[in-house]
Structures are given as structure tokens and as C-alpha cells.
Amino acid sequence: NRLMQKLLRELNVIGVVMNLVQLPFTRGIELNWMTSNDSRLRRLKIVMSMCYRLMKQTVKGNERNAEELHKHVDVLRKHQGKGLSATVVLKEVYMDKRKLLAMIQPDLVRQFTDLLKEWKDPRYIDFLLNITTCENEPMPKIQKMICDYIFADSPEMLPRIKIVPKKAGVPNTKLLVGFVDEKGHQSVFDTATFNDTKTVGGRDLASHIMSAELDALDESQRMFRYF
């Protein structure tokens, strides 16, 4: 709703909300605590997520509001990887905003590739994918940054795929997907273990993995979602 977005900007709601999401961390709460399962922080996490949900709707498809929120981009970056829904907001800030996309520097791309190394969270892939184009037109400078950091500097982030053909005692062809971490340790999972015969809460396992909270997934399930 353009009118609501305009009102939120003119009432300085963007500035108020961004000051609000910083406030707890000036009153003795450590930012890293937000990644813990401490029940005492549950309500704070809910409030923070709701604030960022409002910011997402405020800038969605609105370049002027996005430019206003971009003034607080350092805060959004600090909150990445802390479970506060900041990633989807930053994605919305840049989506199809050519002026803001042109301002992206290598350190932002490096930050998200580093987050990918640590968490294998598909939201970070989605963000990187989102900033490579503007209104279906390529952004060559950003594409080169991503290629340099992932393909050249961090090839271990790319999935390794192995097809095991049928043979005696193995009724079906297997598709094995895995990753090699920085220490050379390889993690592999068989895609067949996520078939639709397994269910969670009335849904097939694969659908559950794609929509569940990342913290609720084990390592192989995270790998499946990342792939």
C-alpha cells in the first residue's frame, strides 16, 4: 500500500524502528545472545522480528523508502546471522533498486559468502542471487564479485554430486550430494532419504525441511535445503 508506506516515511517510523532494534544492545544485552535458545530472550526476538517485518513491508517496491532505510544499512548488516529476520529486509532494500545496487561494495558480498560458509542457509543464497540482477537486467560488477568470492576463493562451498549407478544389491541409482569444509572434511547425504514416503506433521519430509526453522534441522537436512 503506497499510501501507508508514504505515511510511515513521513512519520519517521523507519528511524524510530531502527533506533528501537538497536536499543537492547545498548542496555547490556549482547548481540550474540540472540542466536542462543535462552527462553528469557524469546519475547525480545519476537519484537525484533516484528520490527523487521514492518521494515520489509515499508520498503517493498518503494525506492524512496529503501533509500531511507539504507541509511541504517550498517545496523542491518550487524544483525545478519542472528536470527532476527534482517536478511529478508536487506534483500528487499536492494531488490530492483538500481541506485542502491550500484552502491554495493565487495565487503557486503564477502560478508554473505562468509555467512554461507558457516550456516549453509538458503536465505543467504537468495540474497546473493537477488542482487545479481535489476529488473531482469544483469549487474555485471556484482556478478563478478560473487564469482570471485565463491568460485575462485571458496570452491568448497559448491555442492559435490556423485551418481552411484545400479548394481547388484543396490536396486536404484543413487544421487549423493555433499560438501567439503575448509578442513577437508566431507559431508554427504543420499537424496533418496528425503522421499515423500516420510512425513512430519502430516507433510512430506522434503516440504517440511524447506519451510521449517533452520535451527530445527539437523546437518543433513540443512544440506538438503541448501542444495
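**Helix packing and cores in a predicted model**

Helices α8 and α9 cross in a left-handed manner, a crossing being left-handed if the near helix is turned anticlockwise from the far one by less than a right angle, and right-handed if clockwise. The model is predicted, and local features therefore need pLDDT of at least 70 and side-chain atom pairs count only at pLDDT 80 or more, whereas totals for chains, interfaces and linings use all residues. Residues are numbered from 1 along each chain as its sequence is written, and side-chain values use heavy atoms, with hydrogens and water left out.

The axes of α8 (residues 106–119) and α9 (residues 122–130) come within 9 Å and cross at roughly 155 degrees; axes here are lines fitted to C-alpha atoms, for helices over the stretch in contact, and angles run from 0 to 180 degrees between N-to-C directions. That angle makes α8 roughly antiparallel to α9, given that angles under 35 degrees count as roughly parallel, over 145 as roughly antiparallel, 65 to 115 as roughly perpendicular and the rest as oblique. On the α8 side the contact (heavy atoms within 4.5 Å) is made by Leu108, Val109, Phe112, Thr113, Leu115, Leu116 and Trp119, and on the α9 side by Tyr124, Ile125, Phe127 and Leu128. By class, the residues of this contact divide into ten nonpolar, one polar and no charged, where Ala, Val, Leu, Ile, Met, Phe, Trp, Tyr, Cys and Pro count as nonpolar, Asp, Glu, Lys and Arg as charged, and the others, Gly among them, as polar.

Helix α8 also packs on α10 (residues 140–152), at an angle of about 40 degrees and with the axes 10 Å apart. That makes α8 oblique to α10, and the crossing of these two helices is right-handed. Pro106, Val109, Arg110 and Thr113 of α8 meet Met145, Ile146, Tyr149 and Ile150 of α10, a contact that comprises six nonpolar, one polar and one charged residues. Val109 and Thr113 of α8 thus take part in the contact with α9 and also in that with α10.

These helices belong to a protein with twelve helices and seven strands, which are DSSP runs numbered from the N terminus (H or I, at least four residues, for helices; E, at least two, for strands). Of the 227 residues, 42% are buried, meaning under 20% relative accessible area, with exposed set at over 50% and partly exposed in between (1.4 Å probe, protein chains only). Among contacts between residues at least 6 apart in sequence, 57% join residues at least 24 apart.

In soluble globular proteins, nonpolar side chains tend to be buried together. The largest nonpolar core, a set of buried Ala, Val, Leu, Ile, Met, Phe, Trp, Tyr and Cys residues joined through side-chain atoms within 4.5 Å, has 47 residues here, and those with the most contacts inside it are Met18, Tyr52, Leu69, Tyr94, Leu128 and Ile131. Helix α3 gives the most to this core, with six residues, and another core, of seven residues including Leu205, Ala206, Ile209 and Phe224, lies apart from it. Setting aside residues up to four places away in sequence, Ile131 touches Tyr94, Leu101, Ile104, Val109, Met139, Ile142 and Ile146. Met18 is one of the buried residues of helix α2 (residues 13–22), together with Val13, Ile14, Gly15, Val17 and Val21, and the buried residues of α2 pack against α1 (2–10), α3 (42–59), α4 (63–70) and α5 (73–78).

Helix α6 (residues 86–94) contains Thr87, which counts as buried because its relative accessibility is 9%. Beyond residues up to four places away in sequence, Thr87 touches Gln80, Phe112, Arg123, Tyr124 and Phe127. Lys91 lies in α6 as well and, leaving aside its neighbours within four places in sequence, is in contact with Asp126, Phe127 and Asn130; its C-alpha atom is separated by 9.3 Å from that of Arg123, 32 residues apart along the chain.

Two residues that are not glycines have a positive phi: Ser85, at about 65 degrees, and Glu135, at about 55 degrees. Ser85 lies in the loop between α5 and α6 and, at 33% relative accessibility, counts as partly exposed, whereas Glu135 lies in the loop between β1 (133–134) and β2 (137–138) and, at 56%, counts as exposed.
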